[in-house]
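Here is a short tour of charged side chains and covered helices, written for someone who likes to check contacts in the coordinates. Keep the viewer open as you read.

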Amino acid sequence: MRISCLEEGIRWLWRLMMLLRWHCLWKSERRFRLRFLSGIGLVILMSAGCQYFQASSNSDQLAALPQHSRIQVFFNYNQAEKYRDPYRQIERFGDNLENIIIENIDNAKVSIDMAVQELRLPNIAKAMIKAKERGVRVRLILENKYSQSFAELTKEQVNKFNQRDRDRYTEFLRFADLNNDGVISNDELNQRDAIQMIKTANIPWLDDTADGSKGSGLMHHKFVVVDQKVVLLGSPNFTMSDIHGDFTKPETRGNANNLLRIDSKEVAEKFTEEFAIMWGDGPEGKLDSRFGLDKPTRKIAYMVIEGAQIRIKFSPDSEKVANEQTSNGLIGTALAGGEQTIDLALFVFSDQGIVNILRERMLKNVQIRALIDPQFAYRNYSATLNMWGLRSAQDCREGKDNAWKKPLQTVGVPSMNRGDLLHHKFAILDRNLIITGSHNWTNAANHLNDEALVLIQNKTVAAHFQREYDRLYQDATLGPTAKLSQNAVCDNEKTDETSAPNDP
């Protein structure tokens, strides 16, 4: 049910009053009346502003694009849909990716296999628990860094956190403190700590230490297989920041991400095989799980689903494998076939082989546009440097000059709300072929991480990605910063992609 602007304003006033200390308010009855009247005035102003915003927002809402009969595409910034964030109660443009995941879990009758780097959304955990209670086999694979519940953290562990992890922990404490009393109770943990909920319900799970190691490069998958016939895959982790926005930052709307739902036993079979390699005989069995380079080499899988040509590739591959048979090699092969346009929306991009192929396409007059997340675009290993006509740190180390002689003016960073990231990993070729999945375009993704890469050739599917790309590009900042252009990159501190923060 839609909540009116006046109701929303009253809710915010009530929240404000609850946060204030009542004894301070009641020290002066006159002061309280003034504050209360001021609050009523604020509600009226909020209501008017909200109504104006809703009117303007409705006029800007786009018409929904048609979906492929068996391949549906969703974006948490989709300008053709709106939803209300279930945790912050913020109405915003976008597909509710969490709800799409929950709906598919709710429809499961036989099995749910989920492999995701990080799971922190309690409503997804609740849906998994309900599925288990109705007799569905539920299994979960996590990255080892995120397989511990917040409730399990010790003070010693918290004290050793770096600033990023400390911020995440503080964010969770605010998220879990349902009654705002500054104390996290067991009941609140059982409602908000997704991993604790999973473990309390005895849902079978393991992480990438189940092979007896300290973990793979990253267990970076983000997929769910339902009843071995439906696959959900894409770029988001199942977290607040990746789907809805940071709980304590109402201005955020979540990292930009995409999610696909593919209804295909053939596709589900490939993802089930990948899950089985990692699962082995389960958490209580032998150390026969396989992650990272311990996995067998998996060849590129080809299939056609109602006019859509699909290629699937899982990482990692040893450096001994021929490059064209790796995920980055598959990306390069696809890009080499681009004839008119190539659009890139990437969290991080540093693979030199792919950059070289793009340069060849540029020299063939293919129009190339690229958007990279700001925290990576300006690093001295980023592929954007070469495309801007600059040298990267690797060039400097190896005495090479891969700077493009004809720099591109169509490469830059998107404009995002402060705190939000461009977390996509997709490309569109000739408005017909899309490349997507969990796979960042880096050497680490190719040779260390557990990843999924999917290519789909179909105009209906590609149209959704094209609309998202055009939205991001319309107010992007293009070209290098003035400081970056003035300073020789070879004089900068040498870094490589291992210094980058973990994928959020």
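A residue counts as buried when its relative accessible area is under 20%, as exposed when that area is over 50%, and as partly exposed in between. Glu274 has a relative accessibility of 1%, so it is buried by that cut-off. Please keep in mind throughout that this is a predicted model.

**Salt bridges**

Side chains of opposite charge can pair when their charged atoms come close. The structure contains 19 salt bridges. Three of them are set out here, with the distance taken from N to O.

| Pair | N to O distance |
|---|---|
| Lys295 and Glu274 | 2.4 Å |
| Asp317 and Lys313 | 2.6 Å |
| Asp470 and Arg369 | 3.1 Å |

Let us begin with Glu274, whose side chain meets that of Lys295 in a salt bridge. This pair ties together distant parts of the chain, 21 residues apart: Glu274 belongs to helix H11, while Lys295 sits in the loop between helix H11 (265-279) and strand E10 (301-305). Lys295 has a relative accessible area of 7%, so it is buried.

What about Asp317 and Lys313? Their closest N and O atoms are 2.6 Å apart. Asp317 is buried because its relative accessibility is 1%, and Lys313 is buried too, with a value of 0%.

The salt bridge between Asp470 and Arg369 has an N to O distance of 3.1 Å. Here again distant parts of the chain are linked: Asp470 lies in helix H18 (residues 459-473) and Arg369 in strand E13 (residues 367-372), 101 residues apart. With 29% relative accessibility, Asp470 counts as partly exposed. Which residues do shared salt-bridge partners join into one network? They are Glu274, Lys295, Arg298 and Asp450.

**Two other lysines**

Lys222 is part of strand E7 (residues 222-226). Its relative accessible area is 3%, so Lys222 is buried. The side chain of Lys222 makes a polar contact of 2.7 Å with the side chain of Asn237. If you would like a C-alpha distance to check, Lys222 and Leu259 are 37 residues apart along the chain, and their C-alpha atoms are separated by 9.4 Å.

Is Lys109 buried or exposed? Lys109 is exposed, because its relative accessibility is 68%. This residue is found in the loop between helix H4 (97-106) and strand E4 (111-116). On the surface, Lys109 gathers with Arg134, Lys229 and Lys265 in a patch of positive charge.

**Two covered helices**

Helix H4, which comes before the loop of Lys109, has seven buried residues out of ten, so the rest of the structure largely encloses this helix. The buried residues of H4 are Leu97, Glu98, Ile100, Ile101, Ile102, Asn104 and Ile105.

How many of the ten residues of helix H12 are buried? Eight are, which leaves this helix (residues 327-336) mostly covered. The buried residues in H12 are Ser327, Asn328, Gly329, Leu330, Ile331, Gly332, Ala334 and Leu335. At the start of H12, you can also find a side-chain oxygen of Thr326 that reaches to within 3.1 Å of the backbone nitrogen of Gly329.

How values were computed:
Residues numbered from 1 in each chain as written. Predicted model: local features only at pLDDT ≥ 70, side-chain atom pairs only at ≥ 80, totals over all residues. Heavy atoms only, no water. Patch = residues over 30% accessible without salt bridge, like charges linked within 9 Å, V, L, I, M, F, W, Y side chains within 5 Å. Areas by Shrake-Rupley, 256 points an atom, 1.4 Å probe, with all protein chains shown as cover. Salt bridge = Lys/Arg side-chain N within 4 Å of Asp/Glu carboxyl O. Lys, Arg positive; Asp, Glu negative; His and termini not counted. Charge placed at Lys NZ, Arg CZ, Asp CG, Glu CD. Helix = DSSP H or I, 4+ residues; strand = E, 2+ residues; numbered from the N terminus. Buried < 20%, exposed > 50% of the residue type's maximum accessible area, 1.4 Å probe, protein only. Polar contact = N/O pair within 3.5 Å; in protein donor to acceptor, adjacent residues only side chain to side chain.
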